[in-house]
Amino acid sequence: MDTKIIFSIVSLLFINFSLVQAQPAVFDITKFGAAPDGKADATDAWKEACAAAGSSKILIPAGKFLAGIVNVTGHCKGAIEVEVQGTVQAPPELAGDDGQGQVAWKGVSCDKDLKNCKKHPMNIRFNFITKGKCFHVNVLGCDDFTFEGFIVSTLEGSLNTDGIHIGRSKGVTISNAKIGTGDDCISIGDGTENLKITKVACGPGHGISIGSLGKYENEDPVSGITVSDCTLTGTTNGVRIKTWPAMFPNTATNIHFQDITMENVSNPIIVDQMYCPWNKCNKKEPSKVKISDVSFKNIKGTSATALTVQLIYSSGVPCEKVELANIDLTYSGPEGPAKSECIDVKPTIVGKIPEGCK
């Protein structure tokens, strides 16, 4: 059966998801050898709760508990609620609800040195969940999954600390979230279908991004992405689609950004099909990722750069059906009025947009 979980974390992260109505049997981790001293390993009442018939609750009481890698796997005999009243702290080499990420962020970035880096662990992974209702998170291979009231607070300079990364998943909804991070607030990988993002406050961070796509062979298509009624504040990008040049084919279609407010955002609207961080790719060949049926509608606010709209599409696989409608982004810096740029694309334009694209 499906496993339902509730997290209420009192520290850096507050999560509430999936209410269980029946009074559950309580499994207090201190009864299983854990101690709130920041040293004892707060691991596994999970197996006992998972094996119990009926509803169960795993309780992490007030205090500081050290946790290593904890795998919570099913199938379980009943619904499970996890209530965290204290702080679950990771060892510096790992990650957790109190992830102690400052130690990891000082390491070598894999973007700069793939051979000598060590990838940072993720706080929470949800892999291959069906009909989960939940909430620094990796969602892979999941169906019908909801994040409600999700809060992340991370330092702006923290490396690779995406708020939520989604890949190869269908029917994910993210709503009423507040995400501040050192990377994308929400990043959308290959194979994502029917994703709805609404009422998300993003900042600091790199914005809400689809991709990068086309870096690896046999990626799955992206389709059915809607981002609406969101606010981005002080981010390095706003809403973005990025694909690698030269590499592998893929498609991204039926993507819509609408009713979005930007506050002092650099690169508020950007499609970059020449995405090449650290110049470690072949820019002489166009991207092989085909993008189609994309719209940016009713986007307003302020930009930290003069180039408020930048659409750089692939010359190798021409895009189809791109629309810009009612883009009211202002810039008050020394580079002149707000402007737009369209390369290898002729979008349908409705209403006001910054000068440049035709």
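Cys276 first. In this predicted model, Cys276 is buried, because its relative accessible area is 10% and the cut-off for buried is under 20%. Its partner is Cys281, and the disulfide between Cys276 and Cys281 has an S to S distance of 1.8 Å.

That bond belongs to a set. Searching the whole structure turns up four disulfides. I will go through two others, then the cysteines without a partner.

Next, Cys342 and Cys357. These two are joined by a disulfide, S to S 1.9 Å. The link of Cys342 and Cys357 is right-handed, with 100° about the S-S bond. Cys342 sits in strand β24, residues 339–343, while Cys357 sits in the segment after β25 (348–350), so the bond ties together parts that are 15 residues apart in sequence. How do the two ends compare in burial, buried or partly exposed? Cys342 has a relative accessible area of 21% and is therefore partly exposed, given that buried requires under 20%. Cys357, at 7% relative accessibility, counts as buried.

Now Cys50 and Cys76. Their sulfur atoms are 2.0 Å apart, and they form a disulfide. Distant parts of the chain are linked here: Cys50 is in helix α1 (residues 46–51), Cys76 is in the loop between β4 (64–66) and β5, and the two are 26 residues apart. Which hand does this one have? The torsion about the S-S bond of Cys50 and Cys76 is about -100°, so this disulfide is left-handed. Both Cys50 and Cys76 are buried.

Then the unpaired cysteines. Why does Cys230 have no bond? The closest cysteine sulfur to that of Cys230 is in Cys202, at 8.6 Å, which is too far for a bond, since a disulfide needs the sulfur atoms within 2.5 Å. Cys230 counts as buried, at 1% relative accessibility. The argument for Cys319 runs along similar lines. Its sulfur is 9.2 Å from the closest cysteine sulfur, in Cys342, so that is also too far for a bond. Cys319 is at 17% relative accessibility and counts as buried.

On to the strands. Strand β5, which I mentioned with Cys76, belongs to an open sheet of three strands, in the order β1-β3-β5, with parallel pairing. Which strands are at the edges? They are β1 (25–28) and β5 (80–84), each pairing on one side only. Neighbouring strands of this sheet are turned by 20° against each other on average, direction ignored. Between β3, residues 56–60, and β5 the pairing is parallel over five bridges. For Ser56, the bridge partner in β5 is Ile80.

Last, the packing. In soluble globular proteins, nonpolar side chains tend to be buried together. Here the largest nonpolar core has 55 residues, and those with the most contacts inside it are Ile174, Ile197, Phe257, Phe296 and Leu311. Which strand gives the most to this core? That is β19, residues 250–265, with six residues.

Take Phe257 from that list. Leaving aside residues up to four places away in sequence, Phe257 touches Ile210, Val227, Val239, Ile241, Ser295, Phe296, Lys297 and Ile299. There is also a second, separate core of 17 residues, and among its members are Ile58, Ala67, Cys76 and Val88. So the buried Cys76 appears in that second core as well as in the disulfide with Cys50.

Notes. Residues numbered from 1 in each chain as written. Predicted model: local features only at pLDDT ≥ 70, side-chain atom pairs only at ≥ 80, totals over all residues. Heavy atoms only, no water. Core = buried A, V, L, I, M, F, W, Y, C linked by side-chain atoms within 4.5 Å. Buried < 20%, exposed > 50% of the residue type's maximum accessible area, 1.4 Å probe, protein only. Helix = DSSP H or I, 4+ residues; strand = E, 2+ residues; numbered from the N terminus. Contact = heavy atoms within 4.5 Å. Pairing = 2+ DSSP bridges. Axes fitted to C-alpha atoms, helices over the stretch in contact; angles between N-to-C directions.
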